[in-house]
Amino acid sequence: MAQPRILILGAPGAGKGTQSARMAEHFDVEHITTGDALRANKEMDISDVHDEYDTPGEIMEAGELVPDEVVNAIVEEALSSADGFVLDGYPRNRAQAEELEGMTDLDVVLTLEVSEEELIHRLTGRRMDPETGDIYHLEYNPPEDETVEERLIQRDDDTEETVTERLRVYHENTAPVIDLYDERGVLERVDGEQSPEDVWADVQAVIEDAV
Ligand code: AP5
């Protein structure tokens, strides 16, 4: 089987990162994530392309979108060296979706569906391991190892205030991208509110059906 080219969509906290890690391992594809790429470059000077903010870190902490030209360049470079991939966090508006069309074809487009109340609970309880990048949740998925537990950090944009703004930005900009793929008849919907294992079983079935 050729390596699949997968696009995963969904609101902040829907479980895109959690499921993408499984897809990358199982299907032996690259996990291309604009969120991680921007966090790794959060001090980059982008004052020439933004009127209000100087760095991606400031924009992310406010819950707003980083300018298209910055994320388009990140994705274009990452895609140029990937045969199969799972693309997570991009496109986030219709202009980015148009840009992506010129960069690659897609084998599967799927979205994880989760209620707003659950999204807020997941994001405010999420913790990250700064050493491994692994994702945990204080209630749903706490680490078993005490050393790991002690070094967990909360993402700067997982505070209640920023989460509210991220969800507003999602409804305004990214929900229309999901509608776009739906109108084209290529969107696969997965119930993201099940256990991570059950979500994974559905995600895997959708991908295997498509490729
Ligand atoms: P980004 O990093 O992409 O964040 P996001 O899309 O908001 O998504 P998250 O990473 O918050 O959630 P997720 O869906 O991956 O959920 P996770 O698996 O972690 O973007 C951050 C910022 O960067 C943006 O706000 C923007 O500023 C900027 N940016 C990024 N891309 C951009 C672009 N293209 N254009 C412009 N700006 C861009 O799960 C969440 C929690 O729930 C975890 O604790 C997890 O353990 C738990 N969990 C997961 N699945 C389940 C389950 N089934 N049951 C119970 N708990 C679960």
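Student: Let me start with one pair of residues. In what kind of contact do the side chains of E118 and R122 meet?

Tutor: Happy to start there, with one reminder: this is a predicted model. The general idea is that side chains of opposite charge can pair when their charged atoms come close. Here, E118 and R122 meet in a salt bridge, with 3.0 Å from N to O. Both residues lie in helix α6, four residues apart, which is about one turn of the helix.

Student: Are E118 and R122 buried or exposed?

Tutor: Compare each relative accessible area with the cut-off: under 20% is buried. E118 has 16% relative accessibility, so it counts as buried. R122 is also at 16%, so it is buried too.

Student: How many salt bridges does a search of the whole structure find?

Tutor: The search finds 16. One of them joins E197 to R22, where the closest N and O atoms are 3.3 Å apart. This pair links distant parts of the chain, since E197 sits in helix α9 and R22 in helix α1, 175 residues apart. Partly exposed means between 20% and 50%, and both partners fall there: E197 has a relative accessible area of 46%, and R22 has 27%.

Student: Which residue does D129 meet in a salt bridge?

Tutor: Its partner is R151, and the N to O distance is 2.9 Å. Again the pair links distant parts of the chain: D129 is in the loop between β5 (126-128) and β6, while R151 is in helix α7 (residues 146-151), 22 residues apart. The two ends are covered to different degrees: D129 is buried, with a relative accessible area of 2%, whereas R151 is partly exposed, at 25%.

Student: Which residues are joined into one network by salt bridges that share partners?

Tutor: That network is made of R126, R155, D157, D158 and R166. Keep R126 and R166 in mind, as both are listed among the closest residues to the ligand.

Student: Then let's turn to the ligand. How many residues surround it?

Tutor: A good way to read a binding site is to go from the whole shell to single contacts. The shell holds 36 residues, and the closest are T18, E64, R92, R126 and R166. By type, they divide into 15 nonpolar, 12 polar and nine charged.

Student: Which elements each supply at least two residues of the shell?

Tutor: They are α1 (16-27), α2 (34-40), α6 (116-125), β6 (135-137) and α9 (196-210). The largest share, four residues, comes from α2. You have already met α6 as the helix that holds both E118 and R122.

Student: Which single contacts should I look at, and what lies 2.9 Å from an oxygen atom of the ligand?

Tutor: Sort them into backbone and side chain. On the backbone side, an N or O atom of G13 lies 2.9 Å from a ligand oxygen, and a polar backbone atom of A14 is 3.2 Å from an oxygen atom of the ligand. On the side-chain side, an N or O atom of R39 is 2.9 Å from a ligand oxygen. The protein covers 95% of the 1,000 Å² of accessible area that the ligand has on its own.

Student: What about aromatic rings: how many pairs does a search of the whole structure find?

Tutor: A pair of aromatic rings is described by the distance of the centres and the angle of the planes. The search finds one such pair. The ring centres of F27 and W200 are 6.3 Å apart and the planes are at 65 degrees, so this pair is edge-to-face. F27 is in helix α1 and W200 in helix α9, 173 residues apart, so the pair links distant parts of the chain. F27 is buried at 6% relative accessible area, and W200 is buried at 12%.

Student: Finally, the backbone. Where is the cis peptide bond?

Tutor: For this one, look at omega. The bond joins Y90 and P91, with omega about 0 degrees. P91 is in the loop between β3 (85-88) and α5 (94-101).

Student: And which residue has a positive phi although it is not a glycine?

Tutor: That is D28, with a phi of about 55 degrees. D28 lies in the loop between α1 and β2 (30-33). Its relative accessible area is 56%, so D28 counts as exposed.

Methods. Residues are numbered from 1 along each chain as its sequence is written. This is a predicted model: local features need pLDDT of at least 70, side-chain atom pairs count only at pLDDT 80 or more; totals for chains, interfaces and linings use all residues. Side-chain values use heavy atoms; hydrogens and water are left out. A residue is near a molecule or strand if one of its heavy atoms lies within 4 Å of it. A polar contact is a pair of N or O atoms within 3.5 Å; within protein, one must be able to donate a hydrogen and the other to accept it, and residues adjacent in sequence count only if both atoms are side-chain atoms. Accessible areas come from the Shrake-Rupley method with a 1.4 Å probe; for residues, only the protein chains shown count as cover. Ala, Val, Leu, Ile, Met, Phe, Trp, Tyr, Cys and Pro count as nonpolar, Asp, Glu, Lys and Arg as charged, and the others, Gly among them, as polar. Rings of Phe, Tyr and Trp (its six-membered ring) pair if their centres lie within 6.5 Å; planes under 30 degrees apart count as stacked, over 60 as edge-to-face and the rest as tilted. Buried means under 20% relative accessible area, exposed over 50%, partly exposed in between (1.4 Å probe, protein chains only). A salt bridge is a side-chain nitrogen of Lys or Arg within 4 Å of a carboxyl oxygen of Asp or Glu.
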